[in-house]
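Please work through the following exercises with the sequence and the model side by side, and try each task before reading its solution.

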Amino acid sequence: METNFSEKQLKDKDNKSSEKIFRKCVHCGFCNATCPTYQLLGDELDGPRGRIYLIKDMLENNKPANEHIVKHIDRCLSCYSCMTTCPSGVNYMHLIDHGRNHIEKTYKRPLVDRLIRNFLSITLSKSFNFRVIMILTQFIKPFRFLFPKKLKTMINLMPTKLPKKTLPRMKVYRAQKTKKPVARVALLSGCVQKVISPQINEATIRLLNRHGIEVVVPKGIDCCGSLNHHLGKSGLANQTFKKNISIWYDEYLKNGLDAIISNTSGCGTTLKDYGFIFRSDEYFKKKAKKISELTQDITEYLYDKVKLDFITQSTTAKKYKIAYHSACSMQHGQKIHNEPINLIKKTGNEVLEISDGHLCCGSAGTYNLLQNDIAKNLLKNKIANIEKIKPQFISTGNIGCITQISNGTKIPILHTVEIIDWYTGGPKPEILRKL
Ligand code: SF4
Ligand code: SF4
């Protein structure tokens, strides 16, 4: 694609990177074929190629965003299916991030939109705030019909009870059955996930400890920053990124870290991008790059680095038909697909393929709250494809998908790490007790 940035514009590091990406695009439109919003809405501007043109036009012409542009950019799920399809290697993720930051700087959203986005930014990125809101929601739930549509959706998506934790909160979880751990990893414990599904972190820690791996959960790290990053709130996101990078890098230098483990693929995708985000920051560049290099999804880490002890449980435990839902951030964002499937297969269970598995379930961070109609349609299609293959339960590696899918079906859904934990000597997950 031809570009027309001036020399002055190219002095800006973000323009410079985006220009290189625009130049790779050959307008072929292959990406439209696998874009969920293009498939649903059929408008060129609701597909990746159209959005690339909109972003290019704003940046090249120093044009402020307007309602029309914002509508189409906001409809993008950031599912990155287009990146998997693109034959020219266009990094759409960096373009849409740049486009969103530009919108946030140049466009004043309507008051209600601003209030909702600020509310999401404050509540979802801090586990304490989210816990308080979750408790309050229990009281207002019976009166949800009184609220506007968007708030009603948020209330509906809130879990009905606060699950109990079974592991005490500690900084270091020691490896079992060994004096010297075989590895030492940091776990990103997350913001929303640790409140609504603490069992995911607990399964991760138990499983790693049982296999001789020490797990450190440094104090002060909550959100990975992706929530504000995707809302275009780059100032807030950068504060979080810098804090996380400093804490993890310090731990890496002082006590050593073999990996930083993420068990939420949406967060893992962002951690792996810290290096790019700080590519021009003299102070953080080296540290951010190291954090990105150390980051691995839990399934990637287990598959590559851990000799899992499946033997005892696998031969005796009951076997199931499991539908594996590949989260977009996992398959398109991190290009991890076979590892979780192969891990589940090693437990002796049958993995069922979901048709149109490359398409998003509609969760996409805060998307199901901000673009509820599109998200609902995507969920409906996903559930139809899942129920068609009649699984006994579903497995995935992203809390957003777990919340979204469980709102559309009664089929139980588990994080992949809970299955691996169970078949290597951990407890049977609570929601499968009756299966
Ligand atoms: S990220 Fe997803 S929704 Fe956005 S343009 Fe690409 S394929 Fe379409
Ligand atoms: S598939 Fe890639 S090269 Fe083709 S239009 Fe889409 S982004 Fe551009």
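A residue is called buried when its relative accessible area is under 20%, exposed when that area is over 50%, and partly exposed in between. The model used here is a predicted one.

**Exercise 1. Decide whether lysine 13 is buried, partly exposed or exposed, and describe its surroundings.**

Solution. Begin by locating the residue: lysine 13 belongs to helix α1, which covers residues 13–24. Next, take its relative accessible area, which is 36%. Because this value falls between the two cut-offs of 20% and 50%, lysine 13 counts as partly exposed. Then look for its contacts: once the neighbours within four places in sequence are set aside, lysine 13 touches Arg279 and Ser280. Finally, compare two kinds of separation: lysine 13 and asparagine 407 are 394 residues apart in sequence, and their C-alpha atoms lie 42 Å apart in space.

**Exercise 2. Find where lysine 177 and lysine 335 are placed, and classify the exposure of each.**

Solution. Start with the backbone: lysine 177 has a positive phi of about 55° although it is not a glycine, and lysine 335, also not a glycine, has a positive phi of about 55°. Then place each residue: lysine 177 sits in the loop between β1 and β2, while lysine 335 is in the loop between α19 (328–333) and α20 (338–346). For the last step, use the relative accessibility: lysine 177 reaches 75% and therefore counts as exposed, whereas lysine 335, with a relative accessible area of 49%, is partly exposed.

**Exercise 3. Work out in which order the strands of the open sheet of 5 strands are arranged, and how its strands pair.**

Solution. First write down the order, which is β1-β3-β2-β4-β5, with mixed pairing. The edge strands are β1 (172–173) and β5 (295–297), each of which pairs on one side only.

Now follow some of the pairings. Strand β2 (residues 183–188) and strand β3 (residues 213–216) run parallel to each other and share 4 bridges, and here alanine 183 stands opposite isoleucine 213 of β3. Strands β2 and β4 are also paired in the parallel sense, over 4 bridges, with leucine 187 facing isoleucine 261 of β4. The parallel pairing of β4 with β5 has 3 bridges, and the bridge partner of isoleucine 260 is threonine 295 in β5.

Continue with the side chains of β4. In a regular strand, side chains alternate between the two faces of the sheet. In β4, Ala259 and Ile261 point one way while Ile260 and Ser262 point the other way, and all of them are buried.

To complete the picture, add two helices. Helix α16 (residues 285–294) lies across β4 (259–262) and β5, and runs at about 25° to β5. Helix α17 (residues 298–305) lies across β2, β3, β4 and β5, and its angle to β5 is about 90°.

**Exercise 4. Describe the second largest pocket by its volume, its lining and the elements that supply this lining.**

Solution. The first step is the volume, which is about 1,200 Å³. The second step is the lining, made of 37 residues, of which Pro163, Ile196, Ser197, Gln199 and Ile431 lie nearest the centre of the pocket. The third step is to trace these residues to their elements: α9 (149–157), α11 (198–210), α23 (399–406), β9 (413–415) and α24 (416–423) each supply at least two, and α11 gives the largest share, with 5 residues. Sorted by class, the lining of this pocket has 17 nonpolar, 10 polar and 10 charged residues.

**Exercise 5. Which residues line the largest cavity and the second largest cavity?**

Solution. Rolling a probe the size of a water molecule over the atoms shows where empty space is left. A search of the whole structure gives 5 cavities of 30 Å³ or more. The largest cavity holds about 120 Å³ of space, and among its 16 lining residues, Cys25, Cys31, Ile52, Cys86 and Val90 are the closest to its centre. Helix α3 (residues 48–60) provides the largest share of this lining, with 3 residues, and the classes are 12 nonpolar, 3 polar and 1 charged.

The second largest cavity has a volume of about 80 Å³, and the residues that line it include Cys35, Pro36, Cys76, Cys79, Cys82 and Tyr92. The elements giving two or more residues to this lining are α2 (36–41) and α3, and by class the lining of the second largest cavity has 9 nonpolar, 2 polar and 1 charged residues.

Note on methods:
Residues are numbered from 1 along each chain as its sequence is written. Chains are lettered from A and ligands numbered from 1 in the order in which they are written. This is a predicted model: local features need pLDDT of at least 70, side-chain atom pairs count only at pLDDT 80 or more; totals for chains, interfaces and linings use all residues. Side-chain values use heavy atoms; hydrogens and water are left out. Two strands pair if DSSP finds at least two bridges between them. Contact means heavy atoms within 4.5 Å. Axes are lines fitted to C-alpha atoms, for helices over the stretch in contact, and angles run from 0 to 180 degrees between N-to-C directions. On a 1 Å grid over the protein atoms alone, a cavity is a set of points where a 1.4 Å probe fits but cannot get out, and a pocket is an open set with protein on both sides within 12 Å along at least five of seven lines; lining residues have an atom within 4 Å of a point. Grid points are joined across faces, edges and corners, and a volume is the space filled by probe spheres set on the points. Ala, Val, Leu, Ile, Met, Phe, Trp, Tyr, Cys and Pro count as nonpolar, Asp, Glu, Lys and Arg as charged, and the others, Gly among them, as polar. Buried means under 20% relative accessible area, exposed over 50%, partly exposed in between (1.4 Å probe, protein chains only).
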